[in-house]
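Welcome, and thanks for taking a look at this one with us. Below is a short briefing on a sheet and on some charged pairs, to be read alongside the view.

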Amino acid sequence: EGERWIDYWTGQSYSGGQEVTVPAPLEHLPLLVRAGAIIPLRDYAPSVLRGNNATLTLDVFPDGATEKSEFTLYEDDGTSNAYLTNGFAATTIACQPGPSSVALHIAPIQGGYDGKLTQRRWKLRLHLAAKPAGVRLNGKAVRWKYDAQQGVLLSDWKAATAQASEILIAR
């Protein structure tokens with residue numbers, strides 16, 4: 001099911017409701033993502049305990065999506081069971097594709113736990129078929145680049161976790 005699916009590694013797009021055979025070389029797990037997907041990635045660490053969420057990359061696939069997509073990132077201290085008694089935080093990330101723009105909204109963090117981040121670096125990897133006309137963060141133009149070979153808009157910024165980030169990409 002789903003209107004459109006994208007091969008994570010190649011960017012090849014497929015219509016939903018069918019079976020497809022995709023290349024599966026040893027170095028790449030076959031991975032199709034639904035149009036509209038929001039995939040948060042954190043920097044590599046040799047273990048979960050050694051890593052952190054100070055920098056998060058958002059891999060977003062708005063092309064082919066017809067509706068708003070949403071993802072909630074849950075975080076806790078990573079070592080205790082405090083999450084069982086509300087010792088966690090949640091950040092909602094939403095993407096609204098449109099014919100003339102793509103809007104990405106990162107809500108302020110809600111909740112808390114020991115060691116909760118007060119600031120975070122966001123890296124955006126927005127998969128688009130065509131180079132956008134511009135990118136604005138909270139109403140102001142920001143630096144960005146478009147990798148035409150991969151079809152990916154790249155941008156990054158730092159923000160307080162208690163504030164919202166509104167990204168508007170003009171097509």
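Five strands form an open sheet in the order β4-β5-β10-β14-β13, and their pairing is mixed. The edge positions belong to β4 (38-42) and β13 (145-147); each has a single partner strand, so one side of each is left without a neighbour in the sheet. From one strand to the next, the twist averages 25 degrees. Please keep in mind that this is a predicted model.

**Inside the sheet**

- Strand β5, covering residues 55-60, runs parallel to strand β10, covering residues 119-127, and six bridges join the two.
- T55 has R121 as its bridge partner in β10.
- R121 will come up again below, as its side chain also takes part in a salt bridge with D156.

**Salt bridges: the general idea and the count**

- Side chains of opposite charge can pair when their charged atoms come close.
- The structure holds five salt bridges, and three of the pairs are described here: R120 with E75, D156 with R121, and K68 with E70.

**R120 and E75**

- The side chains of R120 and E75 form a salt bridge with an N to O distance of 2.9 Å.
- This pair links distant parts of the chain, with R120 in strand β10 and E75 in strand β6 (residues 69-75), 45 residues apart.
- Are these two residues buried or exposed? R120 has a relative accessibility of 2%, so it counts as buried, given that the cut-off is under 20%.
- E75 is buried as well, at a relative accessible area of 5%.

**D156 and R121**

- D156 and R121 meet through their side chains in a salt bridge, at 3.1 Å from N to O.
- Because D156 sits in strand β14 (residues 152-160) and R121 in strand β10, the pair ties together parts that are 35 residues apart in sequence.
- D156 is partly exposed, with a relative accessible area of 42%.
- R121 also counts as partly exposed, its relative accessibility being 29%.

**K68 and E70**

- K68 and E70 form a salt bridge in which the closest N and O atoms are 3.9 Å apart.
- Which side of the burial scale do they fall on? Both K68 and E70 are exposed.

**Putting it together**

- Strand β10 is a good place to start your own tour: β10 is joined to β5 by six bridges, holds R120, which is paired with E75 of strand β6, and holds R121, which is paired with D156 of strand β14.

Key: Residues numbered from 1 in each chain as written. Predicted model: local features only at pLDDT ≥ 70, side-chain atom pairs only at ≥ 80, totals over all residues. Heavy atoms only, no water. Pairing = 2+ DSSP bridges. Helix = DSSP H or I, 4+ residues; strand = E, 2+ residues; numbered from the N terminus. Axes fitted to C-alpha atoms, helices over the stretch in contact; angles between N-to-C directions. Salt bridge = Lys/Arg side-chain N within 4 Å of Asp/Glu carboxyl O. Buried < 20%, exposed > 50% of the residue type's maximum accessible area, 1.4 Å probe, protein only.
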